[in-house]
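User: I'd like to go through this model and ask what stands behind each label. Can you take me through the terms as they come up?

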Amino acid sequence: MTPTPRLKTILCERISDGAVLLSYNTAKRSNAFDPQQYLDLKDGLLWARDDPDVNVVVITGKGKHYCAGRAMGGAVDTIDAEVAAGRALSVVLTDYPKVIIAAVHGASIGWGCTQLSAFDLIYAHQSAFFQTPFASLGIVPEGGSSYNFPKAMGKAHANALLLAGDRLSAHEAWVGGLVTGVVEADTADAFLGKVLEKAKRIGTFSGEALNMAKQLTVDAAGDLEARRQAGERERRDILIRFAAEDTKARLATFGGGKAKAKI
């Protein structure tokens, strides 16, 4: 059993012998990501991956929201650092061998939404909502969503997010194939408790069998390289769009000049 890491933006906890919990811990900005948080998620996942006792990783967010995407505004343009950190995280996520469960409550916006396509089981509280307002901000899909969303949800449902920027409720996300199920509970804490019970149960399964089963589904899909290429295309176009003057103006208006996330 390896020591639990102490990360700047993510809280790592063991919840049972076979399961761990990674909690986004920047609630003041609704868990919106900056470059450090991408790197912390990578390190948290590597810790769980390299611990032979861990079979399941649960990811959630502290506070009112799961993750509001990108930390907007601030005096320094961090897009180059974000793309580099996102690429490092993508390398870990693309063929991650252990089961990843997301417990989503409140907002799941932008990267907070697209990251879900890299996970294995996504449970949503009835309060959860999902949105990727990329085009309205002058930017393009990321997190592999240009490939993963149409494949998982079908073109029509995926484009409601990626092109129209529609806000989907938890039920709509379940109908559209984005989430595994909606778990109703009186509070977000009670919801998380229910998801953690699922994780603890799965954590008692054979780790080798889980890893092999997950690899079989990856091999059957036969699209590992296609997913990698989609991520590279997205990163290329993200840098193009962030350099565009109309995008800078849209982001400045949206961010309000402060490092925060808007819900």
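Analyst: Sure, salt bridges to begin with: a salt bridge is a side-chain nitrogen of Lys or Arg within 4 Å of a carboxyl oxygen of Asp or Glu. By that rule the structure holds 16 salt bridges. Keep in mind that this is a predicted model, where local features need pLDDT of at least 70 and side-chain atom pairs count only at pLDDT 80 or more, while totals for chains, interfaces and linings use all residues. Residues are numbered from 1 along each chain as its sequence is written, and side-chain values use heavy atoms, with hydrogens and water left out.

User: Why is the contact between Lys-214 and Asp-120 called a salt bridge?

Analyst: The N to O distance is 2.8 Å, and the cut-off is within 4 Å, so the pair qualifies. This one links distant parts of the chain: Lys-214 sits in helix H9 (residues 207–221), and Asp-120 is in the loop between helix H3 (111–114) and strand S6 (121–124), 94 residues apart. Helices (H or I, at least four residues) and strands (E, at least two) are DSSP runs, numbered from the N terminus.

User: What makes Lys-214 buried or exposed?

Analyst: Buried means under 20% relative accessible area, exposed means over 50%, and partly exposed is in between (1.4 Å probe, protein chains only). Lys-214 has 13%, so it is buried. Its partner Asp-120 has 32%, so it counts as partly exposed.

User: What about Lys-200 and Glu-197, how do you know that they pair?

Analyst: Their side chains meet at 3.5 Å, N to O. Both lie in helix H8 (residues 188–203), three residues apart, which is about one turn of the helix. Lys-200 has a relative accessible area of 30% and Glu-197 has 47%, so each is partly exposed.

User: And what makes Glu-225 and Arg-228 a salt bridge?

Analyst: Here the N to O distance is 3.8 Å. These two both lie in helix H10 (residues 224–242), again three residues apart, about one turn. Glu-225 is partly exposed at 44%, and Arg-228 is partly exposed at 36%. Elsewhere, Arg-87, Glu-232 and Arg-235 are linked in a network of salt bridges.

User: Why is the chain called as compact as a globular protein of its length?

Analyst: The radius of gyration is taken over C-alpha atoms, and the globule rule is 2.2 Å times the number of residues to the power 0.38. For 263 residues the rule gives 18 Å, and the chain comes out at 17 Å, close to that, so it is as compact as a globular protein of that length. The C-alpha trace spans about 55 × 40 × 35 Å along its principal axes, and buried residues make up 51% of the 263. The chain has eleven helices and nine strands.

User: What makes S5-S7-S8 an open sheet with edges?

Analyst: Two strands pair if DSSP finds at least two bridges between them. Two bridges join strand S7 (residues 129–131) to S8, and these strands run antiparallel; Phe-129 stands opposite Ser-169 in S8. The open sheet has three strands in the order S5-S7-S8, with mixed pairing. Strand S5 (107–109) and strand S8 (168–169) each have a single partner strand, so one side of each is left without a neighbour in the sheet.
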